[in-house]
Amino acid sequence: YQNLLMDTLVITGGAGFIGCNFTRLALAKTKMQILVVDKLTYAGNLCSLDDLCENPRLQFQDGDIADRGFLQSFYQNFQPTWVLNLAAETHVDRSIDDPSPFVTTNLLGTFELLRATQKYYNQLKGDIKQQFRFLHVSTDEVYGTLFADNKFSETTAYAPNSPYAASKAGADHMVRAYYKTYKLPSIITNCSNNYGPYQFPEKLIPLIVMNAIDAKPLPIYGDGSNIRDWLYVEDHCKGILLALQQGLPGENYNIGGKNEKTNLEIVNQVCSSLEEFLPARKNPAMCKKGIPSYTSLKTLVTDRPGHDKHYAIDSTKIRQQLGWKPQYNLTQGITKTVHWYYNNQEWCRKVQKNNYDRERLGLKKDLKI
Ligand code: NAD
């Protein structure tokens, strides 16, 4: 990795799942000053950066990317070389219950960030202007569901189906427009489902690990046959760093692990991995309920409304043009993840406190549209 001495990298959403993992990677692999900007919603927690708080190259700024006044004063105080936009509302189920924060942060927030960044970029000169990049992290969900046995490439038409995916798609289009119209040197990455340490326990893999540890039902939407392409978060972060360092402005890069699995397969794998660290017969919660195996906790529940059937990413472009490839296969990644959650149950309790009790979301019962 290239080392840019004293340059500043701004990471919006840096206290969230991918953000805190990316912050760790960037501190290790570059010499840049890192400035995390985060609104600290339910999904962002400074305890995810606890182990880094002594690092003199890391700073934190409480801020909202949808707040024009904040962004204005922000750019008066900081002169970033790169801006990485990870700030977002990210849980599809929550977007079904209430799309409003998704539109505010993902769509309007990205627009406000682009607007302020363009203004900042326009007054840059020389090397810093040459080096400047705005990287917007997006998802494969913008492509909608796959019907034939093919994969999403960078030229696949957008067809978002959930309010979350629609808000991300709109943001991506705005980033593209800022490149085409105003020449802001921006890059978009579209990644498949991430998993790994520090993911809020509303998402499938941490939810299954934590419920299994507590001998609670393991909810599986519909018949469990929906397919996602899974990628270990560190591999995604390495792709983002490569795209910042070597990616071309105006380009999109799809990032995916070639790990297409049904939700049922993922749950089975998590159960067998947990069995290695904490055998069900030695787990006090399981013994108390007299349940013999983690897999007997599996419970089919009402499907998610509008649930996309199948996602799969064609990541040929980033592999060939930037030399990216994932380091972890699914078994290694899931083992690392289950181990991390088993050892970090306190982190889970902290981030869930007064926020979330692993209840079902997204059934349109408490609709706020
Ligand atoms: P996350 O929900 O764990 O974290 C989001 C972070 O953004 C939180 O720290 C939150 O406090 C912060 N935030 C929310 N609104 C904000 C605002 N208005 N201003 C500033 N900060 C705000 O999400 P994640 O899983 O880390 O995802 C990060 C990005 O990656 C998102 O853009 C998401 O769409 C994208 N992505 C995620 C995945 C995945 O599987 N997790 C896959 C592909 C793309």
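## Residues with positive phi

With a relative accessibility of 17%, Arg358 counts as buried, because the cut-off for that class is under 20%. The structure described here is a predicted model. Arg358 is located in the segment that follows helix H13 (345-352). Its backbone is notable in that phi is positive, at about 60°, although Arg358 is not a glycine.

Ala215 is another residue other than glycine with a positive phi, in this case near 55°. Ala215 belongs to the loop that connects helix H7 (204-213) with strand E8 (218-221). Its relative accessibility is 2%, so Ala215 also counts as buried. As background to both cases, most residues other than glycine have a negative phi.

## Surroundings of Cys47

Cys47 is found in the loop between strand E2 (33-38) and strand E3 (58-62). This residue counts as buried, since its relative accessibility is 12%. When residues up to four places away in sequence are not counted, Cys47 touches Trp347, Lys350 and Val351.

A longer separation is found between Cys47 and Lys125: these residues are 78 places apart along the chain, and their C-alpha atoms are separated by 38 Å.

## Nonpolar cores

The largest nonpolar core comprises 74 residues. Within this core, the residues with the most contacts are Leu9, Phe22, Ile34, Leu84 and Tyr294. Phe22 touches Leu9, Ile11 and Leu84, and also Cys237, Ile240, Leu241 and Leu244, with residues up to four places away in sequence left out of the count.

A second core, separate from the largest one, has 23 residues. Among them are Leu35, Ala87, Phe134 and Val175.

## Packing of helices H2 and H4

Two packed helices are described by the angle between their axes and the distance between the axes. For helix H2 (residues 68-77) and helix H4 (residues 100-122), the angle is about 30° and the axes are 10 Å apart. The angle therefore makes H2 roughly parallel to H4, as angles under 35 degrees count as roughly parallel. The crossing of these two helices is right-handed.

On the H2 side, the contact is made by Arg68, Leu71, Gln72 and Tyr75. H4 contributes Phe111, Glu112, Leu113, Arg115, Ala116, Thr117, Lys119 and Tyr120. By class, the residues of the contact between H2 and H4 comprise six nonpolar, two polar and four charged.

Key: Residues are numbered from 1 along each chain as its sequence is written. This is a predicted model: local features need pLDDT of at least 70, side-chain atom pairs count only at pLDDT 80 or more; totals for chains, interfaces and linings use all residues. Side-chain values use heavy atoms; hydrogens and water are left out. A nonpolar core is a set of buried Ala, Val, Leu, Ile, Met, Phe, Trp, Tyr and Cys residues joined through side-chain atoms within 4.5 Å. Buried means under 20% relative accessible area, exposed over 50%, partly exposed in between (1.4 Å probe, protein chains only). Contact means heavy atoms within 4.5 Å. Axes are lines fitted to C-alpha atoms, for helices over the stretch in contact, and angles run from 0 to 180 degrees between N-to-C directions. Helices (H or I, at least four residues) and strands (E, at least two) are DSSP runs, numbered from the N terminus. Angles under 35 degrees count as roughly parallel, over 145 as roughly antiparallel, 65 to 115 as roughly perpendicular and the rest as oblique. A crossing is left-handed if the near helix is turned anticlockwise from the far one by less than a right angle, and right-handed if clockwise. Ala, Val, Leu, Ile, Met, Phe, Trp, Tyr, Cys and Pro count as nonpolar, Asp, Glu, Lys and Arg as charged, and the others, Gly among them, as polar.
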